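Hi everyone, thanks for coming. Today I'd like to walk you through one structure, step by step, and please stop me whenever a term is unfamiliar.

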Amino acid sequence: MAVETRPVDAPPAERPAEPEVVPGPRHAPPFVGQVVSGVALIVLLGLHMIAQHFVVPSGLRFFDDVVEWLSNPIVVVLEVAFLLFVTYHALIGVRAIIFDFGFSRRTQGLITNILWVVGIITVIYGIALFAAIINAG
């Protein structure tokens, strides 16, 4: 008499429930963007701190110094990049914290759109400030 040694599948009623399949990593692109912006911020913040506080004899640029400093297009590009990255990084962080409360997909979409509007307004305001400082000189 032979004994069956291979495993036998459990009857359907005794099998554990299949886990729910989540369609793709919806939050991966913003997270990767936050990591990239974080690395960029380290570089840009370092450049900003050195240029604004360490190479200036008084330790701080006064208004006339800032106007002269912003007359260099490379500086303007770096400062606008700093503004863009810090705004993106901050708002993606806020988005992640808000999403931890477990809102529906529709509400998450609304929150994302609101944060995009806040970010765009912030960047426009920052660029307008740069322009006002440059034109004041």
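I'll start with the whole chain, then go through some helices, and finish with a few single residues.

First, please keep in mind that this is a predicted model. What is the secondary structure of the chain? It comes to four helices and zero strands. Reading from the N terminus, the order is simply α-α-α-α.

The chain has 137 residues, and 25% of them are buried. On the outside, the chain exposes about 10,300 Å², and carbon and sulfur atoms supply 72% of that area. Now look at the contacts between residues at least 6 apart in sequence: 72% of these join residues at least 24 apart.

Let's turn to the helices. Helix H1 covers residues 28–54. Its 27 residues should span 39 Å at 1.5 Å a residue, and the end C-alpha atoms are 37 Å apart, so the two values agree. Which residues of H1 are buried? Among them are Pro 30, Gly 33, Gln 34, Ser 37, Leu 41 and Leu 44. The cover over the buried residues of H1 includes helix H2, residues 63–69, and also H3.

Next, find H4, which runs over residues 105–136. This helix has 32 residues and reaches 46 Å from its first C-alpha to its last, close to the 46 Å expected. Its buried residues include Ile 111, Leu 115, Gly 119, Val 123, Gly 126 and Phe 130. Here is a handy rule for reading a list like that one. An α-helix has 3.6 residues a turn, so residues three or four places apart point the same way. And what do the buried residues of H4 pack against? The partner is helix H3, residues 73–99.

That brings me to the nonpolar core. The largest one has six residues in all: Leu 70, Val 75, Val 80, Leu 83, Val 123 and Phe 130. H3 and H4 are the elements that give two or more residues to this core, and H3 supplies the largest share, with three. One core member, Val 75, is in contact with Trp 69 and Leu 70, leaving aside its neighbours within four places in sequence.

Now for a residue I find fun to look at: Glu 79, in helix H3. Glu 79 is buried, yet it has no salt bridge. How far away is the nearest side chain of opposite charge? That side chain is Arg 61, at 7.8 Å, and a salt bridge here would need the charged atoms within 4 Å. What Glu 79 does touch, not counting residues up to four places away in sequence, is His 48, Gln 52, Leu 70 and Phe 130.

Let's finish with two residues of H4. Is Trp 116 buried or exposed? Trp 116 has a relative accessible area of 53%, so it counts as exposed, because the cut-off for exposed is over 50%. Its C-alpha is 9.5 Å from that of Ile 92, although the two are 24 residues apart in sequence.

Ile 120 is also found in H4. With a relative accessible area of 45%, Ile 120 is partly exposed. Its C-alpha and that of Tyr 88 are separated by 9.6 Å, and these two residues are 32 apart along the chain.

That's my tour, and I'm happy to go back to any part of it.

Methods:
Residues numbered from 1 in each chain as written. Predicted model: local features only at pLDDT ≥ 70, side-chain atom pairs only at ≥ 80, totals over all residues. Heavy atoms only, no water. Buried < 20%, exposed > 50% of the residue type's maximum accessible area, 1.4 Å probe, protein only. Expected span 1.5 Å × (residues − 1). Contact = heavy atoms within 4.5 Å. Core = buried A, V, L, I, M, F, W, Y, C linked by side-chain atoms within 4.5 Å. Areas by Shrake-Rupley, 256 points an atom, 1.4 Å probe, with all protein chains shown as cover. Lys, Arg positive; Asp, Glu negative; His and termini not counted.
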